[in-house]
Amino acid sequence: MSPTWIMTAMTTTTTPMTTNSEKGHLTERPTDLAADQPAGRPSALPRREQDILDEVWMRLAIAEAAHTAPGDVPVGAVVVDAEGRVVGRGSNRREADGDPLAHAEVIALREATRAVGDGWRLEQCTLVVTLEPCVMCAGACVMGRVGRVVFGAWSPKTGACGSIADVIRDPAHAFTPQVRGGVLADECSVYLREFFERQRQLDE
Ligand SMILES: [Zn+2]
C-alpha cells in the first residue's frame, strides 16, 4: 500500500475508494466477475443481480444490528450460503458478554460453520456485515475461507478491508475472499450515529 492510498482510506467514510487489485475489489469491480474471482465464489450471477442481492442481504444485517445489546456498538452480520439461505446471524456482544472475540462477524461465522461446510471452510458463503470488518474479523474471513465479504459503512479507525489495513486482499494469503464495500453505507451508519451520539451525551 502506498502512503497516499492509506491517507485516502483514512479520510474516507462513505466515499468509495477506487483502488483495485488482481485478487479482489472494494467498490470498483471488473465487468466480468469471473475474471477477478478467487476460489470460493458463491454464485455465477451477473453483476447487477448480485448487487441487488447484496442489498437485500445487507438489510438483513441491518436488522441484526438493531438487536445489538445495549452498551455495545451496533453492528450486525449475516452469513449467506450459495443458495442464498441465511446460515449465520450475529450482532456485536463484546460488552454484553465481556468477550473481545464477540464481534458480529465471529458470532455469525461460528453459527454458519455449524450449519454448512466441512467443519470450518465457508468458500461457498458470503459474509454480509454493516461495518467494515476489523483486523480480527477480516482475518477470520481469510482463515475461514469465506468466499465473499460484503460490508456497509467504512470504519476509518478500525477497518481492515482498506481503511487502516487490507487484511482481506493481502496477496500473501493463500486464499483471498472477494470483497465489496460501501453497500447501503448510509443506512448502515444510522444505528452507529445514534449510538455514538448517545455516548457523547452520557459523557457530558
Ligand atoms: Zn471485528
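**Close-ups of a predicted model**

**View 1. Strand 4 and strand 5 side by side.** Strand 4 and strand 5 run parallel, joined over three bridges. One pair to look for is Arg148 with its bridge partner in strand 5, Gln178. Keep in mind that this is a predicted model.

**View 2. The whole sheet.** Zoom out a little and you'll find an open sheet of five strands, ordered 2-1-3-4-5, with mixed pairing. Strand 2 and strand 5 (178–180) sit at the edges, each pairing on one side only. From one strand to the next, the twist averages 15°. Helix 6 lies across strand 3 and strand 4, at about 65° to strand 4.

**View 3. The two faces of helix 2.** Which residues of helix 2 are buried? They're Trp57, Met58, Ala61, Ile62, Glu64 and Ala65. These cover an arc of only 160° around the axis, so they're on the same side of helix 2. That fits a general rule: with 3.6 residues a turn, residues three or four places apart in an α-helix point the same way. Turned away from the buried side are the exposed Arg48, Glu49, Ile52 and Val56. The buried residues pack against several elements, including strand 1 (76–80), helix 4 (104–115) and helix 6 (185–203).

**View 4. Inside the largest nonpolar core.** This core has 44 residues, and Ala61, Val79, Ala108, Leu127, Val128, Val129 and Val149 touch the most other members. Helix 4 gives the most to this core, with six residues. Now pick out Ala108: leaving aside residues up to four places away in sequence, Ala108 touches Ala77, Val78, Val79, Gly88, Arg89, Gly90 and Leu127.

Conventions
Residues numbered from 1 in each chain as written. Predicted model: local features only at pLDDT ≥ 70, side-chain atom pairs only at ≥ 80, totals over all residues. Buried ≥ 20, exposed ≤ 12 C-beta atoms within 10 Å, placed from the backbone. Helix = DSSP H or I, 4+ residues; strand = E, 2+ residues; numbered from the N terminus. Arc of directions from axis to C-beta. Contact = placed C-beta atoms within 7 Å. Core = buried A, V, L, I, M, F, W, Y, C linked by C-beta atoms within 7 Å. Pairing = 2+ DSSP bridges. Axes fitted to C-alpha atoms, helices over the stretch in contact; angles between N-to-C directions.
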